[in-house]
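Trainee: May we go through this model together? I should like to begin with the charged side chains and then turn to the nonpolar interior.

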Amino acid sequence: MKEIEEIIKELLENVKELEKLIDEIKKPVAESSQLIPETAKNIQDVMTFLENTSHSIMNLLERINGNSKKISEDVDFLLSLNPVPKIRERLESIKEKNEQNLSTILELYTHLSFHDLAGQQLKTVIDVLERIKSALVDVIVSQVTAGKDLKEDQVSGIKGKVSEILSRDRISQEDVDRLLEEFGL
Amino acid sequence: MPMPPPDIKILVVDDMSTMRRIIRTILNQLGYSNIEEAENGKQALAKLKSEKFDFVITDWNMPEMDGLTLVKEIRNDPELKHLPVLMVTAEAKKENVIEALKAGVNNYIVKPFTPEVLKEKMEKIFK
């Protein structure tokens, strides 16, 4: 039992030491680590804005499309009444221009796929940011573990802890101190 | 070349809502209205296993399950393996096209595309 207590004490001391070390080197990287999620959020906001705007444009295009289809039906009705040649000529011209408009609306619609293409590029930027974060974790871990003879699983544990800290999902110093107190440290 | 009958049931798979809407509108314009949507391969596969579809139009890059995996899953399923699949994607490299063809897509469209291109590819698939 005493042996286990000693091991736990040692572990907690190590945790405290690790927290201290990370705090020392955290400051210079804190700004960049904060910028990563902020930037990713900004990009996500841009993507949402693009999506909403694209849908608004599509709604307007659909309204124009609906009107053009109604015009087309009305012109067809007027043509069916056998109008005099001069009026028929005008009506046929309106019909032709209206069909061109319908085709242009569809063309505009398909150009809105720019949102999808831009979105894919922005997703790539978010992936790059994630990779930078991962590299940042490696830098911190290599500083924390420098000159120490640590096993692979210990390094991996430290890496997880640093990653937690960068994600701001860490236990507080108070929690660590409370635990240490319980073991009389 | 004849187009497939207008009553065929089509599944459009894309994680971008705008892209799904564009494809749906073009299909409507071409005379197709029996269209359903899925946001990724996983969702699409679940739909394909619970309802009968005649044609799938899928994107490549999607979360959860990408289009390429979806095609492979379709080709490995005895009930779905003959389902025609058209890939509509921004991936425009030669190796991408080859990879998609090897996975079993029936045709391939690079975004952005025109209604004429979609019509032409559908005609080829259903000839």
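**Salt bridges and cores**

Mentor: In this predicted model, a network of salt bridges links Asp116(A), Asp14(B), Asp59(B) and Lys111(B).

Trainee: How many salt bridges does the structure hold over all chains?

Mentor: There are 20 over all chains.

Trainee: What separates Lys41(A) and Asp45(A) along helix H1 of chain A?

Mentor: About one helical turn, because they are four residues apart in that helix. Their side chains meet in a salt bridge, 3.0 Å from N to O. Lys41(A) is exposed, with a relative accessible area of 52%, while Asp45(A) is partly exposed at 37%.

Trainee: Which residue forms a salt bridge with Lys95(A)?

Mentor: Asp76(A) does, with the closest N and O atoms 2.7 Å apart. This pair links distant parts of the chain, since Lys95(A) lies in helix H2 of chain A and Asp76(A) in helix H1 of chain A, 19 residues apart.

Trainee: Turning to the interior, which residues touch the most other members of the largest nonpolar core?

Mentor: That core has 35 residues, and those touching the most other members include Leu27(B), Phe55(B) and Phe113(B). Helices H1, H2 and H3 of chain A are among the elements that each supply at least two residues. H1(A) gives the largest share, seven residues.

Trainee: And what does Phe113(B) touch?

Mentor: Beyond residues up to four places away in sequence, Phe113(B) touches Thr110(A), Met19(B), Ile23(B), Ile26(B), Val88(B) and Leu118(B). Another core, of 23 residues, lies apart from the largest one and includes Val13(B) and Met62(B).

Technical notes
Residues are numbered from 1 along each chain as its sequence is written. Chains are lettered from A and ligands numbered from 1 in the order in which they are written. This is a predicted model: local features need pLDDT of at least 70, side-chain atom pairs count only at pLDDT 80 or more; totals for chains, interfaces and linings use all residues. Side-chain values use heavy atoms; hydrogens and water are left out. A nonpolar core is a set of buried Ala, Val, Leu, Ile, Met, Phe, Trp, Tyr and Cys residues joined through side-chain atoms within 4.5 Å. Buried means under 20% relative accessible area, exposed over 50%, partly exposed in between (1.4 Å probe, protein chains only). Contact means heavy atoms within 4.5 Å. A salt bridge is a side-chain nitrogen of Lys or Arg within 4 Å of a carboxyl oxygen of Asp or Glu.
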